[in-house]
Amino acid sequence: MANDIAKGSIEPGCAKIDPILVADNVTRTFGGNKAVDVAHLEIPRGKITALIGPNGAGKTTLFNLLTGFDKPNTGSWSFAGKDLAGVAPNKVARMGMVRTFQLTKALSLLTVIDNMRLGAQNHPGESFLKSLIKPLWIKQEQEITERADVLLKRFKLDAKREDFAAALSGGQRKLLEMARALMSEPKLVMLDEPMAGVNPALTQSLLEHIKGLKENGTTVLFVEHDMHMVRHISDWVVVMAEGKIVAEGEPDVVMKNPAVIDAYLGAHANTDLGTVSIETVKDGE
Amino acid sequence: MDLTQILLLPLSQLFAATTAAYVLCALGIALHFGYTGLLNFGQAAFAAVGGYAFAIADKTLGLGIFGSLLFAIGCAIVYAFILGIPTLRLRADYLAIVTIAAAETFRFVMVSGQLGPWSGGSEGIDGWGKDFYDLNPIPSAVYNVFGIPLTERQLWADIVGWVVVVICALLMVVLTRSPWGRALKGIREDEDAVRSLGKNVFGYKMQSLILGGVFGALGGVVFSLNSQTVQPTVFGTNFTFMSWTLLLLGGAATVLGPIVGGIVFFVIFLFLQNLLMGLQSSGILPFISGEQAAQIPFVLMGITLMLLVIFRPQGFFGNKKESQING
């Protein structure tokens, strides 16, 4: 199958035809433990890339480093051609690279709609002096509220509009966080386990929504353990283990890669757990 | 025991300039803690900065009343920067430790001999603020306000104090209902989330610290102008905790809370103090001294503060869910 993503041969850290995010030699050690050790990574623009790997592989740490929430020991990376190393997290977000968190960070004692409004960028009412004069920001406020309502409807949170975010269930908070990230109309959205805790009925519509993002030209990078989701929506898969990129490629190809099966998926990746007897699993270990 | 005295004197706190001063400090803490989540346990320092700066500008520098006011505000802003730049990146509990230490440090610096010519050492500064009382348009007389005799001088200080409260409260209502206020509340809930949405969290915290600090400094100015003196002992930790009590009484994440909380607090506080001292002096409470009778309300204040935090964190006006100290 011809691929329209990688330039040249497909191997860990391979060059892409049109990368939006390029990272080089990014390392982060905690004590003596090298949590992240990425020699080279390119994320293709306008595609959905999944980042998978076992627990402790460094996926979330890599997210934190790339978005400025943590400082690497070495490394440089650029987003849409702009150098990003050492840039503060709020500035990273303003450049169009917005993330969500594995442990959801809903603003509990703000209403759902206020959570959404806070996601908008370049709001004049958020500056101290302009906030004093309502006519300077009321138009923008109405615009973002309309946009927020559309997103809330799509994420099925419109009934919760006036509730405190604290009153939402875990899955709903996850949805709120994702919807809030989209309020900024990012170029690249980085989702850390977007499906964890979301009920299956909603998963389908979320998947459709993530695909919709791609159609609007947004690049998506997500960490996920749910292999069905990875297979279903991603154009490209990057596999991490022990801080390194161990494989990448198209989903179907990567998941047949013996290194990936060894490191992460396990021998029973394709079997429903219900049909596997305990003994078989133990033997597999 | 003079009953009218016991009942009337506390009522005078309804519109006293000192109440206004504490309310201003509490409004500042409401912005810091109630809206931004900054634990400022050193509000007394902002009040002290305001009071001292005003007194020094008026007496020593001769800047006049408006010049002195601007000088006091300017000094509060500088103090906020000195306090905020190193500490606002710290976690909330560390900020609490630093603010309380900085407040005590400031007070001791003012007492120190080296600054004596400026700050008056432990004596403080008195005999200033004449310009302020010269501006008084109220004819000289003793006025009867709800049965309480007030001189034109006292009336003037009270009116100006409460006008400042109203101006600051209105400013706060506008700000906290704006998208700026929304960003502050977001920071109170989760800094990193707000950062991930592209907001400059440090900048917002600094703006909040400055504005709340300026409110506190204005409180210090009103307080000091009322007595025409500044004294270092006034601005001890007591001052901060009194401001906190009336804030929590009224509701931390509200604007009306500190105002009503302040009035209720001082009326009850003075009533208890007068009652206990009256009872003591007429021999009904033989087991305590007059000194102790005056201190008991402070003990009760501490107990009230604890009970409030445990059982009614939202105060009179707050939304219970929004004011929980712990998630």
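Here is a short chat about a predicted model, going through chain B, its contact with chain A, and the sheets of chain A.

Reader: What does the secondary structure of chain B come to?
Author: Let's start with the overall span of chain B: along its principal axes, the C-alpha trace covers about 65 × 50 × 40 Å. As for the elements found along chain B, the secondary structure comes to 15 helices and four strands.

Reader: Why is chain B said to be as compact as a globular protein of its length?
Author: Chain B has 327 residues, and the globule rule gives 20 Å for that number. The radius of gyration of chain B is close to that, so the chain is as compact as a globular protein of that length; the value itself is 20 Å.

Reader: Among contacts in chain B between residues at least 6 apart in sequence, what share joins residues at least 24 apart?
Author: A look at burial helps set the scene: of the 327 residues of chain B, 50% count as buried. Now take the contacts between residues at least 6 apart in sequence: the share that joins residues at least 24 apart is 75%.

Reader: Which residues have the most contacts inside the largest nonpolar core?
Author: That core has 167 residues. Helix H2 (residues 17-35) of chain B gives the most to it, with 14 residues. One of the two you're after touches B:Val164, B:Phe215 and B:Val222, among others, and that one is B:Leu24. The full answer is B:Leu24 and B:Val49.

Reader: Is B:Leu95 buried or exposed?
Author: You'll find B:Leu95 in helix H5 (residues 92-111) of chain B. Leaving out residues up to four places away in sequence, B:Leu95 touches B:Leu38, B:Leu39, B:Thr87 and B:Leu90. The cut-off for burial is 20 or more other C-beta atoms within 10 Å. B:Leu95 has 24 of them within 10 Å, so this residue is buried.

Reader: Which helix gives the most to the side of chain B that touches chain A?
Author: The contact takes 30 residues from chain A and 24 residues from chain B. Helices H8 (152-176), H9 (179-189), H10 (191-196), H11 (201-227) and H15 (320-323) of chain B each supply at least two residues of that side. With seven residues, the one that gives the most is H9(B).

Reader: How do the residues of the side of chain B that touches chain A divide, and what are the numbers?
Author: Chain B puts 24 residues into the contact. They split into three kinds: nine nonpolar, six polar and nine charged.

Reader: Which strands of chain A stand at the edges of the six-stranded open sheet?
Author: This sheet of chain A runs in the order E6-E7-E8-E3-E9-E10, with mixed pairing. Each edge strand has a single partner strand, so one side of each is left without a neighbour in the sheet; these are E6 (97-99) and E10 (244-249).

Reader: Which residue in E7(A) stands opposite A:Arg99?
Author: E6(A) and strand E7 (residues 188-192) of chain A pair in the parallel sense, over three bridges. Opposite A:Arg99, in E7(A), stands A:Met190.

Reader: What is the bridge partner of A:Thr27 in E2(A)?
Author: Here we move to an open sheet of four strands in chain A, in the order E2-E1-E4-E5, with antiparallel pairing. Strand E1 (residues 19-30) of chain A is joined to E2(A) by 10 bridges. In E2(A), the bridge partner of A:Thr27 is A:Asp37.

Reader: At about what angle does helix H1 of chain A run to E2(A)?
Author: Helix H1 (residues 59-66) lies across E1, E2 and strand E4 (74-79) of chain A. Its angle to E2(A) is about 65°.

Note on methods
Residues are numbered from 1 along each chain as its sequence is written. Chains are lettered from A and ligands numbered from 1 in the order in which they are written. This is a predicted model: local features need pLDDT of at least 70, side-chain atom pairs count only at pLDDT 80 or more; totals for chains, interfaces and linings use all residues. Two strands pair if DSSP finds at least two bridges between them. Two residues are in contact if their C-beta atoms, placed from the backbone, lie within 7 Å. Ala, Val, Leu, Ile, Met, Phe, Trp, Tyr, Cys and Pro count as nonpolar, Asp, Glu, Lys and Arg as charged, and the others, Gly among them, as polar. A residue is buried if 20 or more other C-beta atoms lie within 10 Å of its own, exposed if 12 or fewer, and partly exposed in between; C-beta atoms are placed from the backbone. The radius of gyration is taken over C-alpha atoms; the globule rule is 2.2 Å times the number of residues to the power 0.38. Axes are lines fitted to C-alpha atoms, for helices over the stretch in contact, and angles run from 0 to 180 degrees between N-to-C directions. A nonpolar core is a set of buried Ala, Val, Leu, Ile, Met, Phe, Trp, Tyr and Cys residues joined through C-beta atoms within 7 Å.
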